[in-house]
Amino acid sequence: PRKSLAEIGAIFDTLMHERLGYARYGAQGGDWGSFVTAWLAANRAEHLIGIHLNLMPLKRDAAMFTNPSPAERLYLDELQAWLKEETGYQAIQGTRPQTLAFALSDSPAGLAAWIAEKYRAWTDNGGDSRDALTTDEMLGNISLYWFTNCIGASFFPYYARMHGPWPIDGKIAVPAGYCQFPREILRPPRAAAERVFNITRWSVMEKGGHFAAWEEPLLFASEMRAAFKSSR
């Protein structure tokens, strides 16, 4: 279904608050889930006890740093490298999603290559994605896209993001925990994150990458529990 991040957030809140009857709840997110979680904190704050993120959804705008600190300069260097070498997939998924979807839905090898490249680039590995995930785990995830023929639907958040406003506006007051994994695609400094989020817990993890809950489930779960325990 073609839903914007805000629409997904609103549906999730309705499910938790009205359908399941939770007066308040906690939300966690990484990847696109971090944007949905941040939207909930910005727009449904009265329903949340807190949020937890393992990707920090900040605007990729160097202008937000005036006289950058060494940590902010390091982040800007990482950001420039990311924008130069790692965002080709975003451009085509965000501008020509249907064209790409037909190609990947017609070729299992093409679909596997498109997804597996991200396992190599975004996991905490020594040059081989199998250092972080087993072959069966990777093929199992790819199979979910293939057998349900949903790769096209997975592209729509990119299209919606590139053709709509930034989904988070202003300062978010809800308590926010964050765990930074060393091979996350972008790792902004805490000072930058605190311009948007009310950071109450900031943890730097020893290992793990973008697929944190998949790569390091025990570390991830332990950190998430600790973050929500402090905000209850």
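In this predicted model, β3 and strand β4 (residues 197-204) pair in the parallel sense over seven bridges, and the exercises below start from that pairing.

**Exercise 1. Place strand β3 among its partners, and decide whether β3 is mostly covered or open.**

Solution. Begin with β4, where the bridge partner of Ile172 is Phe197. Next, turn to strand β2 (residues 48-53), which also pairs with β3 in the parallel sense, over three bridges; within that pairing, Leu53 has Tyr178 of β3 as its bridge partner. Finally, consider burial, for which a residue must have under 20% relative accessible area: seven of the nine residues of β3 (residues 172-180) are buried, and the strand is mostly covered.

**Exercise 2. Find how many cavities of 30 Å³ or more the model holds, and describe the lining of each by residue class.**

Solution. The count comes to two cavities of 30 Å³ or more. The largest cavity has a volume of about 90 Å³, and its lining includes Phe35, Leu55, Met56, Tyr75, Trp166 and Ile185, together with Arg60. By class, this lining divides into ten nonpolar residues, no polar residues and one charged residue; since Arg counts as charged, the charged residue is Arg60.

The second largest cavity, with a volume of about 30 Å³, is lined by Gly50, Ile51, Pro175, Ala176, Gly177, Thr200, Ala227, Phe228 and Ser231. Two or more residues of this lining come from each of β2, β3 and α11 (217-231), which brings the strands of the first exercise back into view. Its classes are five nonpolar, four polar and no charged residues.

**Exercise 3. Describe the two largest pockets, stating which residues lie nearest the centre of each.**

Solution. Take the largest pocket, which has a volume of about 860 Å³. It is lined by 34 residues, of which Asp31, Trp32, Tyr145, Tyr158 and Phe211 lie nearest the centre. The elements that each supply at least two lining residues include α1 (5-19), β1 (25-29) and α7 (135-148), while the largest share, six residues, comes from α8. The lining divides into 23 nonpolar, nine polar and two charged residues.

Then take the second largest pocket, with about 420 Å³ of space. Of its 17 lining residues, Trp32, Arg60, Gln90, Tyr158 and Arg161 are the closest to the centre, and α2, α4 and α8 each give two or more residues to the lining. By class, the lining has ten nonpolar, three polar and four charged residues.

Key
Residues are numbered from 1 along each chain as its sequence is written. This is a predicted model: local features need pLDDT of at least 70, side-chain atom pairs count only at pLDDT 80 or more; totals for chains, interfaces and linings use all residues. Side-chain values use heavy atoms; hydrogens and water are left out. Buried means under 20% relative accessible area, exposed over 50%, partly exposed in between (1.4 Å probe, protein chains only). Helices (H or I, at least four residues) and strands (E, at least two) are DSSP runs, numbered from the N terminus. Two strands pair if DSSP finds at least two bridges between them. On a 1 Å grid over the protein atoms alone, a cavity is a set of points where a 1.4 Å probe fits but cannot get out, and a pocket is an open set with protein on both sides within 12 Å along at least five of seven lines; lining residues have an atom within 4 Å of a point. Grid points are joined across faces, edges and corners, and a volume is the space filled by probe spheres set on the points.
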